[in-house]
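Trainee: Could you take one part of this structure and go through it closely, then connect it to what lies around it?

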Amino acid sequence: MTQEPQDAETRRAAAPVICYPPETLPAPPLAAFEAALVTATRSDEIIIPPREARTFRVPAGSFFRIVSVEGPQVGDLNLWNADDLSERFYSGKTRALHGTHVTTGERLWSSFPHLRPMATIVRDDLGWYGIDADGGSVHDVIGTRCDPYTANVLSGAQYHHCCHSNLTRALADELGCTLRAAEPHVHDVLNVFMCTGFTRDTGQYFMKASPVRPGDALTFFAEIELLGALSACPGGDCGAEHSSDEAACFPLRVEVLIPAAQPEGWQPPARSGYDGTHGR
Ligand SMILES: [Zn+2]
């Protein structure tokens, strides 16, 4: 333990400064999105079997919805620009901009050098949950995804139905490529319906049983042309463990919804305006 300075308490008492105040971000036209959603009709429906993943495509200007069916289940979501897989969901920057968990009105941002909204959350049936007494909340961007490498480090296991592997198989099937070619495109996820936080005393990542009930959904507006992949996590409701076949697991459903007309005043977001010269 290092020796603390005499003014340690004063230093600890410095006021926190919000790094990215939400009011400084471009505001999504939520009322226009809601009005368009009311007119939307289902164009596609994909069932994700337990401990598996499936891909789906969403046209820019339309909606997709992840629905809990049959029982409490967590989903691990990856998103790519359907026309350019190098532009993909950036969990870390989304966390910096919106906080550890996301809900209605918040956005999933894309990787550098693009950095633009890929999708905006327009409805969250778990919005009522808030932040619980343990500091936990739902739909996190703090976890990564369960994966066979960590499982192997911890227990020596060879487990193949972690979300990372599920997403890799689903993307390989979608692209018609090898698992080796697909795997580098898999990235840190949005943990849909998952309830997580960091312990207040030790700062450790924790999970607890998801409060999701069958019929609950998380609904997004697609800001750009999207390729998505969703894994039904082997942790089920993630109330006990993951990376094994122990937990009760249920399917998830993805619905793609096309509005009668694009939301009024909405335009596809431009890529970041930074010129990319990095000072040279
Ligand atoms: Zn998982």
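Mentor: What follows starts from one helix and works outward.

This is a predicted model, in which local features need pLDDT of at least 70 and side-chain atom pairs count only at pLDDT 80 or more, while totals for chains, interfaces and linings use all residues. Residues are numbered from 1 along each chain as its sequence is written, and side-chain values use heavy atoms, with hydrogens and water left out.

The part I would pick is helix 5, residues 163-175. Helices here are DSSP runs of H or I with at least four residues, strands are runs of E with at least two, and both are numbered from the N terminus. Helix 5 has 13 residues, and its first and last C-alpha atoms are 18 Å apart, close to the expected 18 Å. That expected span is 1.5 Å times one less than the number of residues. After the helix comes G176, with a positive phi near 65 degrees.

Much of the interest is in what is covered. The buried residues of helix 5 are C163, H164, S165, N166, L167, T168, A170, L171 and A172. Buried means under 20% relative accessible area, exposed means over 50%, and partly exposed is in between, with a 1.4 Å probe and protein chains only. An α-helix has 3.6 residues a turn, so residues three or four places apart point the same way. The cover over the buried residues of helix 5 includes strand 2 (53-58), strand 4 (75-81), helix 4 (148-155), helix 6 (179-182) and strand 12 (226-232).

C163 also belongs to the metal site. The protein donors of the zinc ion are the SG atoms of C146, C163 and C233, lying 2.3 Å from it. A donor is an N, O or S atom within 2.8 Å of the metal (3.2 Å for Na, K and Ca), and since water is not among the atoms, sites may look incomplete. Along the chain, the donor residues are spaced C-x16-C-x69-C. C163 lies in helix 5 and C233 in the loop between strand 12 and strand 13 (252-258), so this pair ties together parts that are 70 residues apart in sequence. Both C163 and C233 are buried.

C146, another of the zinc donors, leads on to the largest pocket. R145, C146, D147, H242 and S243 lie nearest the centre of that pocket, out of 18 lining residues. Helix 4, strand 9 (190-198) and strand 10 (205-208) are the elements that give two or more residues to its lining. The most come from helix 4, with four residues. The pocket holds about 340 Å³ of space. A pocket is an open set of points on a 1 Å grid over the protein atoms alone, where a 1.4 Å probe fits and protein lies on both sides within 12 Å along at least five of seven lines; a lining residue has an atom within 4 Å of a point. Grid points are joined across faces, edges and corners, and the volume is the space filled by probe spheres set on the points. By class, the lining has eight nonpolar, seven polar and three charged residues. Ala, Val, Leu, Ile, Met, Phe, Trp, Tyr, Cys and Pro count as nonpolar, Asp, Glu, Lys and Arg as charged, and the others, Gly among them, as polar.

Strand 9, which contributes to that lining, contains F193. F193 has a positive phi of about 70 degrees although it is not a glycine, and at 0% relative accessibility F193 counts as buried.

Strand 12 is part of the cover over helix 5, and G228 is found in strand 12. G228 is buried, with a relative accessible area of 0%. Apart from neighbours within four places in sequence, G228 is in contact (heavy atoms within 4.5 Å) with R54, T55, F56, N78, L79 and W80. From G228 to N81 is 147 residues in sequence and 8.7 Å in space, C-alpha to C-alpha.

Another residue with positive phi is E70, at about 70 degrees, again not a glycine. E70 sits in the loop between strand 3 (63-68) and strand 4, and at 63% relative accessibility E70 counts as exposed.
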